[in-house]
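User: Please take a close look at the interior of this model. Explain each term where it comes up.

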Amino acid sequence: MIAAAVVLSGTASAQTSSAASAASVVSTVPTTPSSPAPSASAPHREIRFAISSDTPTSMPGSVMRNTATDTILAHVVESLVALRADMSIGPMLADSWDISPDGKTYTFHLRHGVRFHNGQTVTAADVKWSYEYFMNPHTGFYCRRAYDGHAGAKVLGVQAPDRNTVVFSLDKPSALFLNHMTDPRCPMAVLSRDSVDTQGKWVHPVGTGPYVFSDWQPGQYVLLKPFDGYRPRKEEASGLAGTKVAHADVRFVVIPDETSQMSALMSGQIDAMNMSEQIVPPSDPRWHILSGPGADPAVLLIQNRDPLLSDVRIRRAIALAADLPGIANAVTEGRTGYNPSLVPNASALASATTKGGYVQSLPEVKRLLAEAGYRGQTITLETNRRYSHMFTMAVYLQSLLSRAGINVKLQVVEWGKQLADYRAGRFQLMAFGYTSRTDPALIYADVLGDKSRNALVQWEDPDALALLRSIAGETDDTVRAKVLAELHERMLADAPMLVLYDSPDLILVSSRLHGVTAWPMRLKRFYNVTKD
């Protein structure tokens, strides 16, 4: 059993000041005159969620976006399809879609009677306009590469043969075309033309979601109000898919420091906040921790271009030297289990194969090191203190590898330097973490390749890359799951990195809220949530 110590910082006076500051920020303000009236059934109380930084934009998918942008606008805009909790694809503005036999034509059949926040009915022409708006280089859409042929199939054209039918024509089959549409970082949102002015410049999002983008005071808060004309889908809520009901106003309050956020929640000024893995609040019936499976892999990167680590026997010895399930359990305070794969355990594509990983074996470590001629050379493990889970993971790894006879030295650097070293491939071992992707194939595509061309590549295996490319146009999930399982087994054998766990989605929630749920993409959703 591995024990982890937790230290809470912050003085009482600082917490009191932070709470007072938060109280002033979340005071009620009027909505903008152009905002529709909220639903008459919505309670007067508002739900308040703390964000660590303000959104720099109100445009979905903008190159200026951040995680606050994604979280806020997930309540305001919707796409033709939506991402479920298991990261499969469900319907949203489209009730159904057909894929041509050659995989190059997607025909979407729209829901009837869906309205924008300005009251206008959504038509196929609006879908076509929205796509063409985002694909204009001047708009700064973050994911144009997913549609212009640079990072997937190229969309040759979008047609609207009637009011309720939209046809996308691709230059080649793409297994991830629908996933790209649902990417929370840059959803292919369907917007009203009123989102822009007469010169085509962005104003604010006029979407179809259960909430209206009502008031934004930069650096302070964003206020959303229920859309009275919203018609929920009938399917069970799951991720961003299914039914959505807005029960109250939602205010996203900017409070940069996590300790200040916790103080504000404990004093009743906010109702929910994201929580890091190493922060533990005092036990109290007025709040609770909501924990769910995540999809952000926490990993140990191993530089295979290093003279010592280029020997696969050394890399395998590192993989077998530590109790990886024990480290995962300790770092996350038991909130998640060991996942050795880039396929999240919560994914519909996970299998018994992807859940199988390394089993600690000190005799095998000794044999591999002797066979490789290892004589105690120092190996440096780089980490940082900004992300506590990376630091804690590195401390455990350094200790256990050293006990197994692998001379590992811990190097703690500023996060900026670590990021620069990662991007340059300038490290031996590195405690690191990736953000979640909407499909496991996307993260395999990020780590596979040739380091001579791209230093961000972590795994150089031409056969594995060819295997990944073989499912680029495959839409049968059974086939895709089988290939992903084979990729996992190849990665275990080559050990270019060790995947330890998927960072859990942790939310500190006031007991006044009911219906808050976690999900692997870690995007917070406050529709279907009520407040006492």
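Analyst: Two strands are said to pair if DSSP finds at least two bridges between them. Strands (E, at least two residues) and helices (H or I, at least four) are DSSP runs, numbered from the N terminus. The model is predicted, so local features need pLDDT of at least 70 and side-chain atom pairs count only at pLDDT 80 or more, while totals for chains, interfaces and linings use all residues. Residues are numbered from 1 along each chain as its sequence is written, and side-chain values use heavy atoms, with hydrogens and water left out.

Strand β13 (residues 379-383) is joined by five bridges to β14 (residues 408-412), and the two run parallel. One of the pairings is that of Thr-380 with Lys-409 in β14. Five of the five residues of β13 are buried (under 20% relative accessible area, 1.4 Å probe, protein chains only), so the strand is largely enclosed by the rest of the structure. In a regular strand the side chains alternate between the two faces of the sheet. In β13, Ile-379, Leu-381 and Thr-383 are buried on one side, and Thr-380 and Glu-382 are buried on the other.

Helix α3 (residues 124-135) is also largely enclosed, because nine of its twelve residues are buried. Among them are the aromatic side chains of Trp-129, Tyr-131, Tyr-133 and Phe-134, as well as Asp-126. The buried residues of α3 pack (heavy atoms within 4.5 Å) against β5 (105-110), β6 (155-162) and β7 (165-170). From first C-alpha to last, α3 reaches 17 Å, close to the 16 Å expected at 1.5 Å times one less than its number of residues.

The interior also holds empty space. There are four cavities of 30 Å³ or more, a cavity being a set of points on a 1 Å grid where a 1.4 Å probe fits but cannot get out. The largest cavity has about 190 Å³ of space, and of the 20 residues that line it (an atom within 4 Å of a point), Ala-74, Val-77, Ser-79, Pro-187 and Leu-240 are the closest to its centre. Helices α2 (67-73) and α4 (177-182) and strand β2 (81-83) each give two or more residues to this lining. By class, the lining has 13 nonpolar, three polar and four charged residues, where Asp, Glu, Lys and Arg count as charged, Ala, Val, Leu, Ile, Met, Phe, Trp, Tyr, Cys and Pro as nonpolar, and the others as polar.

The second largest cavity has a volume of about 80 Å³. Its lining includes Met-87, Arg-437, Asp-439 and Asp-502, and β12 (287-302) and α11 (440-447) each give two or more residues. Seven of the lining residues are nonpolar, two polar and three charged.

Methods
Buried means under 20% relative accessible area, exposed over 50%, partly exposed in between (1.4 Å probe, protein chains only). On a 1 Å grid over the protein atoms alone, a cavity is a set of points where a 1.4 Å probe fits but cannot get out, and a pocket is an open set with protein on both sides within 12 Å along at least five of seven lines; lining residues have an atom within 4 Å of a point. Grid points are joined across faces, edges and corners, and a volume is the space filled by probe spheres set on the points.
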